Amino acid sequence: MQSEPETVCNVAISFDRCKITSVTCSCGNKDIFYCAHVVALSLYRIRKPDQVKLHLPISETLFQMNRDQLQKFVQYLITVHHTEVLPTAQKLADEILSQNSEINQVHGAPDPTAGASIDDENCWHLDEEQVQEQVKLFLSQGGYHGSGKQLNLLFAKVREMLKMRDSNGARMLTLITEQFMADPRLSLWRQQGTTMTDKYRQLWDELGALWMCIVLNPHCKLEQKSSWLKQLKKWNSVDVCPWEDGNHGNELPNLTNALPQGANANQENMGQCKSLEYQHLPAHKLVEEGESYLTLAVEVALIGLGQQRIMPDGLYAQEKVCRNEEQLISKLQEIELDDTLVKIFRKQAVFLLEAGPYSGLGEVIHRDSVPMHTFAKYLFTCLLPHDAELAFKSALRAMRLLVLESMAPLGDTSRSHHIASVVPNRYPRWFTLSHIESQQCELASTMLTAAKGDVQRLETVLESIQKNIHSSSHIFKLAQDAFKIATLMDSLPDITLLKVSLELGLQ
């Protein structure tokens with residue numbers, strides 16, 4: 001800065017196989033990242049390599065000196081730095097002159113300028129103590145003074161390291177996780193039975209997501225994965241470790257802050273990202289010819305979205321299920337579908353319809369299974385121009401909402417006066433139920449629009465609505481939608497759709 005007086009800093013940087021392995025700077029600035037002076041020297045070395053004189057290791061230089069030159073070298077060195085090195089020089093001299101000293105039992109002498117052996121491990125310099133101190137400081141500030149933003153910047157740094165396949169990524173995340181586990185607020189919240197704040201929970205979510213990236217890394221060795229698994233199990237066994245559900249039994253949900261805000265907060269961030277252009281890059285050593293990293297990524301996303309999974313118990317975890325699904329679908333919507341990708345969509349839709357209990361679109365699903373409405377609406381719109389039959393088959397299968405259908409009769413139902421005793425077996429503790437039902441209604445409305453002019457399909461969609469939708473307000477909304485679609489200005493009224501509208505209105 002111009003306002004600051006110019007200072008001269010002494011900087012030392014050690015390299016090993018093109019990696020900076022250690023740095024020191026007399027400026028005294030302590031941070032996780034390199035100070036400006038270290039960065040400046042690094043850039044100078046990169047841009048002007050000829051200006052930095054390359055020396056042989058000091059041991060080679062000393063080997064070329066005779067006895068008088070060696071004595072002169074040592075005495076001058078001690079004279080220049082006598083206050084710092086004289087006690088060490090005296091101590092070493094005494095040890096060298098002693099026959100039985102430890103220093104005389106070792107052949108040769110260390111040389112800090114010679115670099116490491118080719119078999120030695122090498123990794124970038126990471127000031128572990130500073131990482132721990134900074135994370136501890138940010139956590140102690142409790143989300144104030146931009147500490148949450150700083151922690152997110154650290155997480156972004158870990159992501160960058162993982163992208164570059166830098167082994168420090170896992171090391172840095174381990175240090176961050178240890179500080180999160182040591183946060184004194186965890187035990188306090190546990191004792192009081194209170195919940196952690198949403199901001200803090202989101203940081204834990206990011207922590208978990210990064211660990212997932214690390215353990216799923218196909219390039220890491222088996223022993224590395226084994227050690228990480230051991231570490232994760234160790235953390236998981238600690239009493240104060242937060243549950244993924246965020247639900248320790250005492251949690252009272254604040255339904256006024258439920259899903260919409262959580263879902264929007266992340267936006268039958270996203271907005272700030274520039275729209276990316278996705279391209280097919282050929283993937284090597286793969287099973288089928290013509291596969292690319294893009295086709296594989298899309299296929300994995302569709303498999304994940306279509307998997308059957310049980311709805312978790314906690315409010316926050318239920319919101320997270322919806323939020324993660326919507327985030328993944330919004331990513332997929334950035335991709336322009338070509339013939340290759342349409343084949344992937346068809347293949348996965350058929351597979352999900354025919355698969356067993358692993359599929360959320362299979363014939364038989366668990367009562368508490370997370371509904372497929374949001375995913376099916378996306379799948380339907382993608383498949384409709386290419387395979388309408390498959391699109392409708394997938395969407396109709398996804399319309400079900402079994403959690404509201406399970407009924408258990410009480411007493412003897414053979415007598416008429418006992419029939420009124422039929423009640424729901426267990427009312428679901430689904431805090432996001434209203435959001436789920438609205439998604440179900442959206443799916444049904446999308447099918448009604450697409451089925452206009454097709455009598456058979458409209459009847460099938462009507463049957464599905466009558467069977468699966470239990471909310472009278474949503475049925476009425478669909479009656480209105482059907483009427484609007486049937487009476488569009490650019491065409492004659494669709495009589496079948498008007499009948500559908502009437503049927504739903506009467507219901």
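The following legends describe an overall view and several close-up views of a predicted model.

**Figure 1. Overall view of the chain in the predicted model.** The secondary structure comprises 20 helices and 4 strands. Of the 507 residues in the chain, 34% are buried. The chain exposes about 32,800 Å², and carbon and sulfur atoms supply 56% of this area.

**Figure 2. Close-up of the packing between helix 19 and helix 20.** Helix 19 spans residues 472-486 and helix 20 spans residues 495-506; the two pack at an angle of about 160 degrees, with their axes 8 Å apart. Because angles over 145 degrees count as roughly antiparallel, helix 19 is assigned as roughly antiparallel to helix 20. Helix 19 passes helix 20 in a left-handed crossing. From helix 19, the contact draws on Ile 475, Leu 478, Ala 479, Ala 482, Phe 483, Ile 485 and Ala 486, which meet Leu 497, Leu 498, Val 500, Ser 501, Leu 504 and Gly 505 of helix 20. Classified by residue type, this contact contains 11 nonpolar, 2 polar and no charged residues.

**Figure 3. Close-up of Leu 504 in helix 20.** Leu 504 has a relative accessibility of 1% and therefore counts as buried. With neighbours within four places in sequence left aside, Leu 504 is in contact with Leu 462, Ile 465, Ile 475, Leu 478 and Ala 479. Among these contacts, Ile 475, Leu 478 and Ala 479 also belong to the helix 19 side of the packing with helix 20. Ile 465 is 39 residues from Leu 504 in sequence, yet the C-alpha to C-alpha separation of the pair is 8.6 Å.

**Figure 4. Close-up of helix 9 and helix 10.** The axes of helix 9 (residues 198-215) and helix 10 (residues 222-236) come within 10 Å and cross at roughly 155 degrees. The two helices are therefore roughly antiparallel to each other, and their crossing is left-handed. Trp 211, Ile 214 and Val 215 of helix 9 meet Lys 225, Trp 228, Leu 232 and Trp 235 of helix 10. The contact of helix 9 with helix 10 has, by class, 6 nonpolar residues, no polar residues and 1 charged residue.

**Figure 5. Close-up of helix 16 and its surroundings.** Helix 16 covers residues 388-398, and its buried residues are Leu 390, Ala 391, Phe 392, Ser 394, Ala 395, Arg 397 and Ala 398. The elements that cover these buried residues include helix 14 (339-354), helix 15 (373-383), helix 17 (433-450) and helix 18 (455-468).

**Figure 6. Close-up of Gln 134 in helix 5.** Helix 5 consists of residues 128-140. The relative accessibility of Gln 134 is 14%; because the cut-off for burial is under 20%, Gln 134 counts as buried. Apart from residues up to four places away in sequence, Gln 134 touches Lys 30, Asp 31 and Ile 32.

**Figure 7. Close-up of Arg 165 in the loop between helix 6 and helix 7.** The flanking elements are helix 6 (147-163) and helix 7 (168-181). Arg 165 is exposed, with a relative accessible area of 61%. The phi angle of Arg 165 is near 55 degrees, a positive value in a residue other than glycine. Most residues other than glycine have a negative phi.

Technical notes
Residues are numbered from 1 along each chain as its sequence is written. This is a predicted model: local features need pLDDT of at least 70, side-chain atom pairs count only at pLDDT 80 or more; totals for chains, interfaces and linings use all residues. Side-chain values use heavy atoms; hydrogens and water are left out. Axes are lines fitted to C-alpha atoms, for helices over the stretch in contact, and angles run from 0 to 180 degrees between N-to-C directions. Angles under 35 degrees count as roughly parallel, over 145 as roughly antiparallel, 65 to 115 as roughly perpendicular and the rest as oblique. A crossing is left-handed if the near helix is turned anticlockwise from the far one by less than a right angle, and right-handed if clockwise. Contact means heavy atoms within 4.5 Å. Ala, Val, Leu, Ile, Met, Phe, Trp, Tyr, Cys and Pro count as nonpolar, Asp, Glu, Lys and Arg as charged, and the others, Gly among them, as polar. Buried means under 20% relative accessible area, exposed over 50%, partly exposed in between (1.4 Å probe, protein chains only). Accessible areas come from the Shrake-Rupley method with a 1.4 Å probe; for residues, only the protein chains shown count as cover.
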